[in-house]
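Biologist: Hello! I am new to this structure and would love a friendly tour. Could you take me through it, one question at a time?

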Amino acid sequence: MKRRAFLALAGAAAVSTACGTASGSSTKTLRYQGSAGAVTLPELAADLGFLGDVRLDWVGNTISGPQDIQSAATGQTDFGGAFNGAVVKLAAAGAPIKAVIGYYGSDQYAYNGFYVLEDSPIRSAADLAGKKIGMNTLGAHSEAMLDIYLQRNGVDPKKAEPLVIPPINTEQSLRQKQIDVAVLGGILRDKALAAGGIRKLFTDYELLGPFTAGTYVFTDKFIKQNPDTVRAFVTGVGKAIEWSRTTPSAQVVDRMTQIVAKRKRNEDSSALKYWKSWGVADKGGRVSEHELSMWLDWLAGRGELANRKIDVSSLYTNEFNEVGP
């Protein structure tokens, strides 16, 4: 399609969407980004029939939480999910977003670990000075864990060198010695461990215990215009969390494997067999204020809040979650 024709169609679509919103109509289709070879909680909820008449519209994949919630904030998608520190940071920058449900975290089964090769000389925090640590994005979950680990052990976080590596390539980059440390989580972690030759340095679960680490967000405007859709989404995802808790993991894995097969995107779903937990701490993914406020000091220490006063209570809501506390 020629550029002029494309812009004309895009403009017409924008006008149509604006008119629909102005007339008070509520959307029942949610645009979102997924993850290659994986199944997100909303995708699982949709497949289980927990979203009711709300439908998901996949617009592509993301490997970065901050990018995902930025897309939601700018209207490129309708919702996005990220590490809670990234949610606080984006809100502090003026984005009118609100966290509505937790979707990942750390427990004894689901956690992010920092791994080195079996024969690596790295044994402690002090050994990370000048070393390259591969992670999916900067300024988010993995870098926060690295900073906390180094600070607790008396090492200046600035001495380490965090690098962005797509999660799907992180294990290979470590084995090829392109990086010194690899941050691996969930099914990609277990797949790498099953192959052998790597060992753990530390994990976020060891640092902080069980906690919900990330939430899905909508913009305030979207919530105001589409409260029933948001309620269906949040409650449906909450039901999917609880279904996953009470269903044998083999059945959850089988269900997710079928979902990947049905969408026919030529993906490698082999890592799904290692799934064990979403790591969400509270029932139905309900959000607690502490899960957001705990990152304020970290962000302030990095100079990323510009002395802004943050009212954490305004950054989240459990209003739309009908899965009990």
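Biologist: How much accessible surface does the protein have, and what share of it belongs to carbon and sulfur atoms?

Modeller: Happy to help! This is a predicted model, where local features need pLDDT of at least 70, side-chain atom pairs count only at pLDDT 80 or more, and totals for chains, interfaces and linings use all residues. Residues are numbered from 1 along each chain as its sequence is written, and side-chain values use heavy atoms, with hydrogens and water left out. By the Shrake-Rupley method with a 1.4 Å probe, with only the protein chains shown counting as cover for residues, the accessible surface comes to about 15200 Å², and the share of carbon and sulfur atoms is 51%.

Biologist: How many helices and strands are there, and why is the protein said to be as compact as a globular protein of its length?

Modeller: Helices (H or I, at least four residues) and strands (E, at least two) are DSSP runs numbered from the N terminus, and here they come to 13 helices and 10 strands. The globule rule is 2.2 Å times the number of residues to the power 0.38, and the radius of gyration is taken over C-alpha atoms. For 325 residues the rule gives 20 Å, and the protein counts as compact because its radius of gyration is close to that, at 20 Å.

Biologist: What percentage of the residues count as buried?

Modeller: Buried means under 20% relative accessible area, exposed over 50%, and partly exposed in between, using a 1.4 Å probe and protein chains only. Of the 325 residues, the buried part is 51%.

Biologist: Which residues have the most contacts inside the largest nonpolar core?

Modeller: A nonpolar core is a set of buried Ala, Val, Leu, Ile, Met, Phe, Trp, Tyr and Cys residues joined through side-chain atoms within 4.5 Å. The largest one has 83 residues, and helix α10 (residues 227-246) gives the largest share of it, 7 residues. A second, separate core of 10 residues includes Ile179 and Leu184. In the largest core, the residues with the most contacts are Leu41, Leu44, Phe114 and Phe218.

Biologist: Leaving aside neighbours within four places in sequence, which residues does Leu44 contact?

Modeller: Contact means heavy atoms within 4.5 Å. With those neighbours set aside, Leu44 touches Val39, Ala240, Trp243, Ser244, Arg255, Met256, Ile259 and Trp278.

Biologist: Which elements do the buried residues of α4 pack against?

Modeller: Helix α4 spans residues 84-92, and 8 of its 9 residues are buried. Among them are Val87, Val88 and Leu90. Just after the helix, Gly94 takes a positive phi of about 110 degrees. The packing partners of the buried residues are α3 (65-73), β3 (80-83), β4 (97-106), β10 (211-219), α12 and α13 (296-301).

Biologist: Is Lys177 buried or exposed?

Modeller: Lys177 lies in the loop between α6 (167-175) and β8 (181-185). Its phi is near 60 degrees, a positive value in a residue other than glycine. With 62% relative accessibility, Lys177 counts as exposed.

Biologist: Where is Asn266, and what is its relative accessible area?

Modeller: Asn266 sits in the loop between α11 (249-263) and α12 (289-293). Although it is not a glycine, Asn266 has a positive phi of about 60 degrees. Asn266 is exposed, and its relative accessible area is 80%.

Biologist: What separates the C-alpha atoms of Lys273 and Asp254?

Modeller: Lys273 is placed in the loop between α11 and α12 and is exposed, with a relative accessible area of 57%. Along the chain, Lys273 and Asp254 are 19 residues apart, and their C-alpha atoms are separated by 8.1 Å.
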